[in-house]
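Let us take a walk through a protein together, one step at a time. Have the sequence and the 3D view ready, and turn the view as you read.

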Amino acid sequence: MPWSMKDYPASLKNLEKPVKKKAIEIANAMIDEGYEDGRAIPIATSKAKEWAENASKEEIDDFLKHDDETEHDEDSSSGGDPELMDKAEHVIKHKNGWAVKAEGAKRVSEIKDTKKEAIERAKEIAAHKGTEVIVHLADGNVQRKIKTGS
């Protein structure tokens with residue numbers, strides 16, 4: 001069951017609201033990718049703290065305005081969709097940098113400042129799933145494909 005700002009692991013309770021919300025978002029994305037709760041929570045917490053340290057006040061304020069982003073859609077094609085486990089990870093241009101997104105997913109799983117960071121994260125996820133990474137140019141065209149093996 002995906003976490004939300006109303007229902008989240010106890011280990012997140014003392015985090016500041018933006019860090020908690022970002023940790024929930026990251027942990028949910030990791031669970032969707034097949035990570036176990038016990039592994040996803042500490043990684044997500046660390047990444048959320050790192051994000052908060054590097055984010056501008058405007059970025060944090062904008063993130064907090066969209067309270068529904070930590071909620072998963074309730075329709076049958078989202079949230080832990082096992083069909084996404086067989087899909088490639090895409091690295092695409094995003095307004096806040098470069099994003100990692102599973103093929104067919106409704107939302108990006110992570111946003112990185114640089115394309116290199118996004119490719120590295122996509123390779124980790126794809127290797128875990130046994131799929132490939134498809135790297136796109138800023139204009140959306142495919143730049144290259146990376147086989148990860150498993």
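The paragraphs below go from the overall layout to the sheet, and then to the cores and a few side chains.

Before we start, keep in mind that this is a predicted model. The protein has 150 residues, and 41% of them count as buried. Its secondary structure comes to four helices and five strands. If you follow the chain from the N terminus, the elements come in the order α-α-α-β-β-β-α-β-β. How much of the contact network links distant parts of the sequence? Among contacts with a separation of 6 or more, 47% are between residues 24 or more positions apart.

Now look for the sheet. As general background, strands of a sheet pair through backbone hydrogen bonds, and they can do this in a parallel or an antiparallel way. Here, the five strands make an open sheet in the order β3-β2-β1-β4-β5, and the pairing is mixed. At the edges you find β3 (110-112) and β5 (142-147), each of which pairs on one side only. From one strand to the next, the twist averages 25 degrees.

Let us go through some of these pairings. β1 and β2 form a hairpin, with two residues between them. These two strands run antiparallel and are joined by six bridges. To find one example in the view, pick His90, whose bridge partner in β2 is Lys101. On the way to the edge, β2 is also joined to β3, again antiparallel, by three bridges. There, Val100 stands opposite Glu110 in β3. Is β2 mostly covered or mostly open? Five of the six residues of β2 are buried, so by the cut-off of under 20% relative accessible area this strand is mostly covered.

Which strand pairs with β1 in the parallel sense? That partner is β4 (residues 132-136), which meets β1 (residues 89-94) over three bridges. Within this pair, Glu89 has Val133 of β4 as its bridge partner. Helix α4 (residues 115-129) packs on the sheet and touches β1, β2 (97-102), β3, β4 and β5. The direction of α4 makes about 155 degrees with that of β1.

Next, let us turn to the cores. In soluble globular proteins, nonpolar side chains tend to be buried together. In this model, the largest nonpolar core has 14 residues, and those with the most contacts inside it are Trp3, Leu12, Ile26, Met30 and Ala48. Both α1 (17-32) and α2 (37-54) supply at least two residues of this core. Which element gives the largest share? It is α1, with six residues. For a closer look, select Ala48: leaving out residues up to four places away in sequence, Ala48 touches Val19, Lys22, Ala23 and Ile26. There is also a second, separate core of eleven residues, and Trp98, Ile119, Ile125 and Val135 are among them.

Finally, have a look at some rings and charges. Lys22, which we just met as a contact of Ala48, has its charged end over the ring of Trp51, 4.9 Å from the ring's centre. Lys21 lies over the face of Phe63, at 4.2 Å from the ring centre. How many aromatic pairs are there, taking rings with centres within 6.5 Å? The count comes to one aromatic pair.

Methods. Residues numbered from 1 in each chain as written. Predicted model: local features only at pLDDT ≥ 70, side-chain atom pairs only at ≥ 80, totals over all residues. Heavy atoms only, no water. Phe/Tyr/Trp six-rings, centres within 6.5 Å; stacked < 30°, edge-to-face > 60°. Lys NZ or Arg CZ within 6 Å of the ring centre and 35° of its normal. Pairing = 2+ DSSP bridges. Axes fitted to C-alpha atoms, helices over the stretch in contact; angles between N-to-C directions. Contact = heavy atoms within 4.5 Å. Core = buried A, V, L, I, M, F, W, Y, C linked by side-chain atoms within 4.5 Å. Buried < 20%, exposed > 50% of the residue type's maximum accessible area, 1.4 Å probe, protein only.
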